[in-house]
Every structure is written in C-alpha cells, then in structure tokens.
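Biologist: I should like to learn how to read a helical model. May we take one feature at a time?

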Amino acid sequence: MKPRSIQLTAAALLLLAAQAPALAAGGKTIRPEVGKPLQDAQKALQAKNYAEARADIAKAEGVGKLSSYERYIIERLKASAAIGVGDYKSALASYEKVVASPDLPPEEKVG
C-alpha cells in the first residue's frame, strides 16, 4: 500500500469513529438553512437510512455559497452515507476533502 493510501485509510477509520459530528464546534457555526437538512441527515444515518441521508445532504448542498466549515461537515456526512451504501469510491473522495480541509480538528489530523 502506498504511504498516501495508508494515511487516507487511517484518516477514514478515524472519521468512521465519529460518524455523527457536531454541527457547531470551536465557535464555528452552520446557517439554519444548511443545518436543518444536515441534522435530518444525521438522524437518517443513525437509523441506517442512507438513501434518505443522501437526499438530506443534497438539500444542504443545494443552499449554495457554503462556508468552508459547512462544506467540511457535508463531506463528513457524505462519506458516512457512502460507506453505508457500499459506495467506497465516493466515500474516499469525501474523506480526501475532509482530510484536506482547514476545518479538520488538529487532533484528527494524520501525520
């Protein structure tokens, strides 16, 4: 396995451990029109209703002009939903965005 693949795999495992991230952390906030569908997506993920979660995430993405933090939370949730339906290619794409995000907490960064 290539070093980058190992890092991404490790990051993916860390992110899987936190499938339901908080929608506001460290003083960062999410606008209500983005937050409501993301909260719905979290509930759907907890109920293992991945298709509904994906639909809710798409609603949040449709709001437009997303902040960096909103995009970060969306990508985390997208990765969780993709894992749930076995879409590992999409999950990895989302995890790569999460790992590259400036909003990833320092304690979750790999290497």
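The dialogue below goes through the helices, their packing, one buried residue and the loops.

Biologist: Which secondary structure elements does the protein contain, and in what order do they run from the N terminus?

Modeller: Please note that this is a predicted model. Its secondary structure comes to five helices and zero strands, so the order of elements from the N terminus reads α-α-α-α-α. Of the 111 residues in the protein, 34% are buried. Among contacts between residues at least 6 apart in sequence, 64% join residues at least 24 apart.

Biologist: How is the packing of two helices described?

Modeller: Two packed helices are described by the angle between their axes and by the distance between those axes. Take H2 (residues 32-46) and H4 (residues 68-85): their axes come within 11 Å and cross at roughly 25°. Angles under 35 degrees count as roughly parallel, and therefore H2 is roughly parallel to H4. The crossing of H2 past H4 is left-handed.

Biologist: Which residues of H2 and H4 make the contact?

Modeller: From H2 come Val34, Leu38, Gln42 and Leu45, and from H4 come Glu70, Ile73, Ile74, Leu77, Ser80 and Ala81. Sorted by class, this contact has seven nonpolar, two polar and one charged residues.

Biologist: What span should the residues of H2 and H4 cover, at 1.5 Å a residue?

Modeller: The expected span is 1.5 Å times one less than the number of residues. For H2, with 15 residues, the expectation is 21 Å, and the end C-alpha atoms are indeed 21 Å apart. For H4, with 18 residues, the expectation is 26 Å, and the distance between its end C-alpha atoms, 26 Å, agrees.

Biologist: Which residues of H2 are buried, and what covers them?

Modeller: A residue is called buried when its relative accessible area is under 20%. In H2 the buried residues are Val34, Gly35, Pro37, Leu38, Ala41, Gln42, Ala44 and Leu45. Their cover includes H3 and H4. The buried residues of H4 include Tyr69, Tyr72 and Arg76, as well as the contact residues Ile73 and Leu77.

Biologist: Where is Ala60 placed, and is it buried or exposed?

Modeller: Ala60 belongs to helix H3 (residues 50-61). Its relative accessible area is 0%, so Ala60 is buried. Leaving aside residues up to four places away in sequence, Ala60 touches Val34, Pro37, Leu38, Leu66 and Ile74. Among these partners, Val34 and Leu38 also belong to the H2 side of the contact with H4, and Ile74 to the H4 side. Ala60 and Pro32 are 28 residues apart in sequence, while their C-alpha atoms are 9.8 Å apart in space.

Biologist: Which residues other than glycine have a positive phi, and where are they found?

Modeller: Lys48 is one of them, with phi near 60°. Lys48 comes just after H2, in the loop between H2 and H3. Its relative accessible area is 59%, so Lys48 is exposed. Lys65 is another example, with a positive phi of about 45°. Lys65 is placed in the loop between H3 and H4, and because its relative accessibility is 83%, Lys65 counts as exposed.

Biologist: What follows H4?

Modeller: H4 is followed by Gly86, a residue with a positive phi, near 80°.

Terms used. Residues numbered from 1 in each chain as written. Predicted model: local features only at pLDDT ≥ 70, side-chain atom pairs only at ≥ 80, totals over all residues. Heavy atoms only, no water. Helix = DSSP H or I, 4+ residues; strand = E, 2+ residues; numbered from the N terminus. Buried < 20%, exposed > 50% of the residue type's maximum accessible area, 1.4 Å probe, protein only. Contact = heavy atoms within 4.5 Å. Axes fitted to C-alpha atoms, helices over the stretch in contact; angles between N-to-C directions. Parallel < 35°, antiparallel > 145°, perpendicular 65-115°, else oblique. Left-handed = near helix turned anticlockwise from the far one by under 90°. Nonpolar A, V, L, I, M, F, W, Y, C, P; charged D, E, K, R; others polar.
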